[in-house]
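Take a look at the fold shown below. This report walks through its sheet, its helices and its cores.

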Amino acid sequence: MHSDNRSVLADALRPPFARNALHRVVMLHAFEYEPRPDELLKIFWELLVPGGRLLLIVPNRRGSWARSGTPFGQGTPYSFAQLRTLLDEAKFTLREASSMLFAPPTRHVLGGWDFIEWLGGLVCPWLGGVLVVEAEKQIYAAIAEKVTEPTPAWAGEGLVVR
């Protein structure tokens, strides 16, 4: 239901939410401007409910959009490996990752956007202008260790230990 959606403008490192309060977080034109992205991910891991999802849309270091005058040409671009490392360190589980915006950031391309996106995804899937990454907060139950009692040294000498 649309009435359940909310948006807020706040300091990214001091969001006004309780722990385990958010089910979904979308970061678009946010992550690339954060000087401490590792801290940002740790904070939002705490805010997400178990099974909650984080969607990051960031400039691709390898893509042409990172060197353009568009909003994706500002801030810090990332490689997939950098994002994966940051997500791992913040305890997120990577769910999906893709690249898009293969057409160059220009006004001179007339039509054919769908074809360019299709061809770019087929020929060079990691050279799109942005990386789209979905990560999940997973909480696992601890696995109990099997406790075995030590066998006394004299147990093998014909004595039965019960």
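Start with one pair: methionine 27 stands opposite leucine 56 in β2. The model is predicted, so local features need pLDDT of at least 70, side-chain atom pairs count only at pLDDT 80 or more, and totals for chains, interfaces and linings use all residues. Residues are numbered from 1 along each chain as its sequence is written, and side-chain values use heavy atoms, with hydrogens and water left out.

**The sheet**

The chain has three helices and four strands. Both kinds of element are DSSP runs, numbered from the N terminus: helices are H or I with at least four residues, strands are E with at least two. Along the sequence they follow the pattern β-α-β-α-β-α-β.

The four strands form an open sheet with mixed pairing, in the order β1-β2-β4-β3. β1 (22–28) and β3 (92–100) stand at the edges with a single partner strand each, so one side of each has no neighbour in the sheet. On average, neighbouring strands here are turned by 10° against each other, direction ignored. Axes are lines fitted to C-alpha atoms, for helices over the stretch in contact, and angles run from 0 to 180 degrees between N-to-C directions.

Two strands count as paired if DSSP finds at least two bridges between them. Strands of a sheet pair through backbone hydrogen bonds, either parallel or antiparallel. The table lists two of the pairings.

| Strands | Sense | Bridges |
|---|---|---|
| β1 and β2 (residues 48–59) | parallel | six |
| β2 and β4 | antiparallel | seven |

Leucine 28 stands opposite isoleucine 57 in β2. Between β1 and β2 the chain passes through α1, and this β-α-β crossover is right-handed. That term means that, with the strands pointing away from the viewer, the path from the first strand over the helix to the second runs clockwise. On the β4 side, valine 58 stands opposite leucine 131.

**The helices**

Helix α2 (residues 80–89) lies across β2, β3 and β4, and runs at about 160° to β3. Which residues of α2 are buried? Leu83, Leu86 and Leu87 are buried, meaning under 20% relative accessible area (exposed is over 50%, partly exposed in between; 1.4 Å probe, protein chains only). They cover an arc of only 95° around the axis, which puts them on the same side of α2. The arc is that of the directions from the helix axis to the C-beta atoms. The buried residues of α2 pack against α1, β2, β3 and β4. Just after α2, lysine 91 takes a positive phi of about 75°.

**The cores**

A nonpolar core is a set of buried Ala, Val, Leu, Ile, Met, Phe, Trp, Tyr and Cys residues joined through side-chain atoms within 4.5 Å. The largest core has 23 residues, and Phe31, Leu41, Leu54, Leu56 and Phe92 touch the most other members. β1, α1, β2, α2 and β4 each give two or more residues to this core. α1 gives the most, with five residues.

What does leucine 41 touch? Leaving out residues up to four places away in sequence, leucine 41 touches Phe31, Leu54, Leu56, Leu86, Leu87, Ala90 and Phe92. Contact means heavy atoms within 4.5 Å. Apart from the largest core lies another, of five residues, among them Ile57, Trp65, Phe72 and Val132.

**The whole chain**

Buried residues make up 32% of the 162 residues in the chain. Among contacts with a separation of 6 or more, 75% join residues 24 or more positions apart.
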